[in-house]
Amino acid sequence: MNIVEYRDHFRKTLSSKFKILEIDFIFKSIIDSFFKFDSTLMALNPSKKLSKRQISKLNDSLFLIKNNCPLQYVIGKAFFLDFEIHVNSNVLIPRPETEELVLWSIESLTNGNKVIDLCTGSGCIALALKKNNPSLVVKGLDISRKAISLARKNAKKLKIDIEWLIADIVNFKEEESWFDLVVSNPPYVHPSEIINIHPRVLNYEPKIALLTPKNDPIFYYKHCIDFADKSLKKGGKLFLELNPNYYKEVENQVQNANFSEIQIKNDFMGKKRMLSAVKL
Ligand SMILES: C[S@@+](CC[C@H](N)C(=O)[O-])C[C@H]1O[C@@H](n2cnc3c(N)ncnc32)[C@H](O)[C@@H]1O
């Protein structure tokens with residue numbers, strides 16, 4: 001089978017799920033990632049024969065995409081702002097809302113600031129902050145050993161120096177450190193919201209990265225706020241990515257702790273998605 005014949009098979013198999021432009025984008029991303037075939041190959045050499053190994057790899061990918069596996073997990077990488085990171089099924093695929101949170105928090109940082117990213121996952125937030133300003137001292141924390149192992153791999157690939165911590169936000173304390181900025185995109189989907197989640201997310205992204213306990217939709221926010229309250233310097237800043245359905249509850253929680261200048265910001269979809277506050 002040649003490359004164009006396989007592309008046509010790919011289009012036909014996925015036609016009920018995606019528009020043709022999306023299918024072609026997925027196909028090109030896969031052949032580029034796996035075989036380093038560039039996007040002009042199909043035009044310049046449409047009869048390029050695929051090896052048995054290549055066909056088998058493409059068949060596996062097609063099966064996954066057909067079964068709602070996100071492209072990023074199939075090719076093992078994702079873009080965040082201006083850089084590429086490894087992703088796998090142990091970490092959330094970074095979202096555009098989180099890029100907005102990073103860009104907002106960058107405005108508050110100055111040289112040499114100490115920063116911690118709680119619930120770091122792939123490390124995307126911590127990596128973006130330090131990449132933007134290498135003078136920062138940045139830590140990234142996650143309960144998942146596998147997530148931290150991937151974050152470490154991402155830092156190594158990008159040659160970025162970050163201290164990675166495997167810890168539970170529920171009982172994590174840093175008595176020696178006073179941070180200038182605490183940032184987090186914690187798990188924030190309440191189990192009652194599962195009905196609204198696409199199978200692509202629900203079946204493939206780690207539940208530990210998504211879901212809150214049934215009895216407390218702002219459980220992780222409470223622990224991030226509590227940590228920030230105890231560990232931020234006076235005048236230090238807290239940045240949280242919000243679940244728009246619970247923003248008011250999170251805002252109240254921050255108000256009841258030692259913070260002022262609480263701001264809520266909309267994301268590009270017009271949803272209340274980010275909070276910042278200043279430690280009193
Ligand atoms: C929504 S994901 C965010 C990942 C990444 N920061 C991002 O924005 O793409 C939440 C992360 O919280 C981590 N997590 C869940 N429970 C935790 C806990 N008790 N303590 C620390 N991290 C936790 C998960 O492993 C997951 O990586």
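A residue is termed buried when its relative accessible area is under 20%, exposed when over 50%, and partly exposed in between, with a 1.4 Å probe applied to protein chains only. By this criterion T212, at 5% relative accessibility, counts as buried. The structure is a predicted model, in which local features require pLDDT of at least 70 and side-chain atom pairs count only at pLDDT 80 or more, whereas totals for chains, interfaces and linings use all residues. Residues are numbered from 1 along each chain as its sequence is written, and side-chain values use heavy atoms, with hydrogens and water left out.

T212 is placed in the loop between α10 (207-210) and α11; helices (H or I, at least four residues) and strands (E, at least two) are DSSP runs, numbered from the N terminus. Contact is taken as heavy atoms within 4.5 Å. Residues up to four places away in sequence not being counted, T212 touches P187, Y188, V189, H190, P191, P217 and Y220.

The protein is divided into domain 1 (3-67) and domain 2 (82-279), the bounds coming from an automatic or database domain assignment. The centres of the two domains, taken over C-alpha atoms, are separated by 35 Å. A nonpolar core is defined as a set of buried Ala, Val, Leu, Ile, Met, Phe, Trp, Tyr and Cys residues joined through side-chain atoms within 4.5 Å. The largest such core has 56 residues, and I3, F10 and I30 have the most contacts inside it. Domain 1 and domain 2 both give residues to this core, so it lies between them. A second, separate core of 28 residues includes Y188, I218, I225 and A228. In soluble globular proteins, nonpolar side chains tend to be buried together.

Helix α2 (residues 20-35) has 16 residues, which at 1.5 Å a residue should span 22 Å; the end C-alpha atoms are 22 Å apart, in agreement. The expected span is 1.5 Å times one less than the number of residues. The buried residues of α2 are I23, D24, I26, F27, S29, I30, I31, S33 and F35. The elements that cover them include α1 (3-14), α3 (41-44), α4 (52-66), α5 (71-75) and β1 (77-80). Within this helix, I30 touches F10, F35, L58, S61, I65, L71, V74 and I75, when residues up to four places away in sequence are not counted. K36, which follows α2, has a positive phi, near 60 degrees. D38 lies in the loop between α2 and α3 and is partly exposed, with a relative accessible area of 46%. D38 and K28 are ten residues apart in sequence, and their C-alpha atoms are 7.8 Å apart in space.

Eleven aromatic pairs are present in the structure. Rings of Phe, Tyr and Trp (its six-membered ring) are paired if their centres lie within 6.5 Å; planes under 30 degrees apart count as stacked, over 60 as edge-to-face and the rest as tilted. W104 and F239 form an edge-to-face pair, at 5.2 Å centre to centre and with 85 degrees between the planes. W104 lies in helix α6 (residues 96-106) and F239 in strand β7 (residues 232-241), so the pair ties together parts that are 135 residues apart in sequence. Both partners are buried, W104 with a relative accessible area of 9% and F239 with one of 1%. The ring centres of F179 and F227 are 6.0 Å apart and their planes lie at 50 degrees, so this pair is tilted. F179 belongs to strand β6 (residues 179-184) and F227 to helix α11 (residues 219-231), so the pair ties together parts that are 48 residues apart in sequence. F179 and F227 are buried. In addition, Y6, F10 and F27 form one aromatic cluster.

A charge is considered to sit over a ring if NZ of Lys or CZ of Arg is within 6 Å of the ring centre and within 35 degrees of the ring normal. The charged end of K57 is so placed over the ring of F34, 4.2 Å from its centre, and that of K272 over the ring of Y247, 5.6 Å from its centre.

Helix α6 also contains E99, which at 22% relative accessibility counts as partly exposed. Apart from neighbours within four places in sequence, E99 is in contact with F79, F80 and L81. L81 is located in the loop between β1 and β2 (83-86) and, although not a glycine, has a positive phi of about 50 degrees.
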